[in-house]
Amino acid sequence: MTNHWKNIVAIAVGGAIGTYGRYSLNIITSDSIYPVETLLENLIGSFLLGFLTAWFIVLIPREWVKVGLGVGLCGGFTTMSTFAADTFTLFVKSSLVEVLIYIGGSVLGGMLLALCGYLIASNIATKVKDQRKEVNAK
């Protein structure tokens, strides 16, 4: 199988798992009036993508692993379109303050969690890389 097809299969599998995870989270939080499921999906996805980004920089994986987890899993789990629709629905049904809190929480929270994931993974991956070097040196 060529690398191109490995990437496509990895993205499809990762996307299916991410989409199932998003659907499951929607089922768990479906009783909420506020669009908490979309907020959680995007915040968790931002953290995970930040984590994976740093991990992949330090411990370089095969391309199909990177795209399967990043593009597939994280792309399937997070949702920009639902965020936009939820924002519009809140704007129509709620106050401007609630809309701004939702947008701020989603965007700033996502950026902050991506940074946290990045910093945590960078620290862990660097330690793993150093341990591998020590084992290989022996």
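**Exercise 1. Place Tyr 118 in the chain and state which residues it touches.**

Step 1. Tyr 118 sits in helix 5, residues 96–137. Helices here are DSSP runs of H or I with at least four residues, strands are E runs of at least two, and numbering starts at the N terminus. The model is predicted, so local features need pLDDT of at least 70, side-chain atom pairs count only at pLDDT 80 or more, and totals for chains, interfaces and linings use all residues. Residues are numbered from 1 along each chain as its sequence is written, and side-chain values use heavy atoms, with hydrogens and water left out.

Step 2. Check exposure. Tyr 118 has a relative accessible area of 32% and is therefore partly exposed. The scale: buried is under 20% relative accessible area, exposed is over 50%, partly exposed is in between, with a 1.4 Å probe and protein chains only.

Step 3. List the contacts, meaning heavy atoms within 4.5 Å. Leaving aside neighbours within four places in sequence, Tyr 118 touches Gly 50, Phe 51, Thr 53, Ala 54 and Ile 57.

Step 4. Add a distance. Leu 48 is 70 residues away from Tyr 118 along the chain, yet their C-alpha atoms are separated by 8.5 Å.

**Exercise 2. Compare the span of helix 5 with the expected span, then find what its buried residues pack against.**

Step 1. The expected span is 1.5 Å times one less than the number of residues. For the 42 residues of helix 5 that gives 62 Å.

Step 2. From first C-alpha to last, helix 5 reaches 60 Å, close to the expected value.

Step 3. Pick out the buried residues of helix 5: Val 99, Tyr 102, Ser 106, Gly 109, Gly 110, Gly 117, Ala 121 and Ala 125. They pack against helix 2 and helix 4 (80–93).

**Exercise 3. Do the same for helix 1.**

Step 1. Helix 1 covers residues 3–28, which is 26 residues. At 1.5 Å a residue it should span 38 Å; its end C-alpha atoms are 37 Å apart, so the two agree.

Step 2. Its buried residues are Asn 7, Ala 10, Gly 14, Gly 15, Gly 18 and Leu 25. Their cover includes helix 2 (36–58) and helix 3 (63–77).

**Exercise 4. How many salt bridges are there, and where does Glu 37 stand?**

Step 1. Apply the rule: a side-chain nitrogen of Lys or Arg within 4 Å of a carboxyl oxygen of Asp or Glu. The count is 1.

Step 2. Name the pair. Glu 63 bridges to Lys 66, with the closest N and O atoms 3.7 Å apart. Both residues lie in helix 3, 3 residues apart, about one turn. An α-helix has 3.6 residues a turn, so residues three or four places apart point the same way.

Step 3. Check exposure. Glu 63, at 42% relative accessibility, is partly exposed. Lys 66, at 32%, is partly exposed too.

Step 4. Turn to Glu 37 in helix 2. This residue is buried yet has no salt bridge. The nearest side chain of opposite charge, Arg 22, is 9.7 Å away. Not counting residues up to four places away in sequence, Glu 37 touches Leu 25, Asn 26 and Thr 29.

**Exercise 5. Summarise the whole chain.**

Step 1. Count elements: 5 helices and 0 strands.

Step 2. Give the extent. The C-alpha atoms fill a box of roughly 65 × 35 × 25 Å along the principal axes.

Step 3. Give the buried share: 30% of the 138 residues.

Methods:
Lys and Arg count as positive and Asp and Glu as negative; His and the chain ends are not counted.
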